[in-house]
Amino acid sequence: MNGLNALKYLSTILAVAARTIFETKRGTYWLTVAVTTSTIATLFNTYWDIFRDWGLMNRNSKNPWLRDKLLIPYKSIYFIAMVVNVVLRLAWMQTVLGIREAPFLHRRALVAVVTILEIVRPGIWNFFRLENEHLNNVGKYRAFKSVPLPFQEVGGSKSM
């Protein structure tokens, strides 16, 4: 599992490197490489977010396509979050494809919107990641109230 997680980060690094090279060299070849590596990284990262980090899309769950334990009582929120995660991950693709302006937004406004979306996406990701981790810790009793000290008490007396 750690190896797959490392591949996820490697795919992101390769996508960023390809986009950087495309920005400096331009051309159809580097555009194709940038779009391909960015698409692979986006698909891999989206899969990892939803299936691994959030623990969702479990076919055999008592909550269809989610997970057995949920903290939010409205199941639709999880499906909305999955769709929003995909849309927000795709939002930055406009920079790879060279879209500089939208018909309804100035270039600087478009950059500001994409930047804000890229700040919001990890916040949403973090909420569902922490929820999943909390539910797994509590269910498997991996949570600890205290951490043992790295030394032993000598002579039965406690020293402060």
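Let me start with the aromatic residues, where Trp54, Tyr78, Phe127 and Phe128 form one aromatic cluster, and where rings of Phe, Tyr and Trp, the last by its six-membered ring, are paired if their centres lie within 6.5 Å, with planes under 30 degrees apart counted as stacked, over 60 as edge-to-face and the rest as tilted. Please keep in mind that this is a predicted model, in which local features need pLDDT of at least 70 and side-chain atom pairs count only at pLDDT 80 or more, while totals for chains, interfaces and linings use all residues. Residues are numbered from 1 along each chain as its sequence is written, and side-chain values use heavy atoms, with hydrogens and water left out.

Across the whole structure the search finds six aromatic pairs. In one of them, the ring centres of Tyr78 and Phe128 are 5.5 Å apart with planes at 65 degrees, so this pair is edge-to-face. It joins distant parts of the chain, since Tyr78 sits in helix 3 (residues 76-91) and Phe128 in helix 5 (residues 107-140), 50 residues apart; helices here are DSSP runs of H or I with at least four residues, strands are runs of E with at least two, and both are numbered from the N terminus. Phe127 and Phe128 also make an edge-to-face pair, because their centres are 5.0 Å apart and their planes stand at 90 degrees.

How buried or exposed are these two neighbours, Phe127 and Phe128? Phe128 is buried, with a relative accessible area of 5%, whereas Phe127 is partly exposed at 46%; buried means under 20% relative accessible area, exposed over 50%, and partly exposed in between, with a 1.4 Å probe and protein chains only. Tyr78 is buried as well.

Turning to the N-terminal end, helix 1 (residues 2-25) has 24 residues and reaches 34 Å from its first C-alpha to its last, close to the 34 Å expected at 1.5 Å a residue, where the expected span is 1.5 Å times one less than the number of residues. Within helix 1, Lys8, Ser11, Ala15, Ala18 and Phe22 are buried, while Leu14, also in this helix, is partly exposed with a relative accessible area of 47%. Just after helix 1, Arg26 takes a positive phi of about 55 degrees.

Finally, an unreviewed UniProt entry annotates residues 29-50 and 70-88 as "transmembrane region", and such annotations may be inferred rather than shown by experiment. In the model, residues 29-50 are 100% helix and 0% strand, with end C-alpha atoms 32 Å apart, whereas residues 70-88 are 68% helix and 0% strand, with end C-alpha atoms 23 Å apart.
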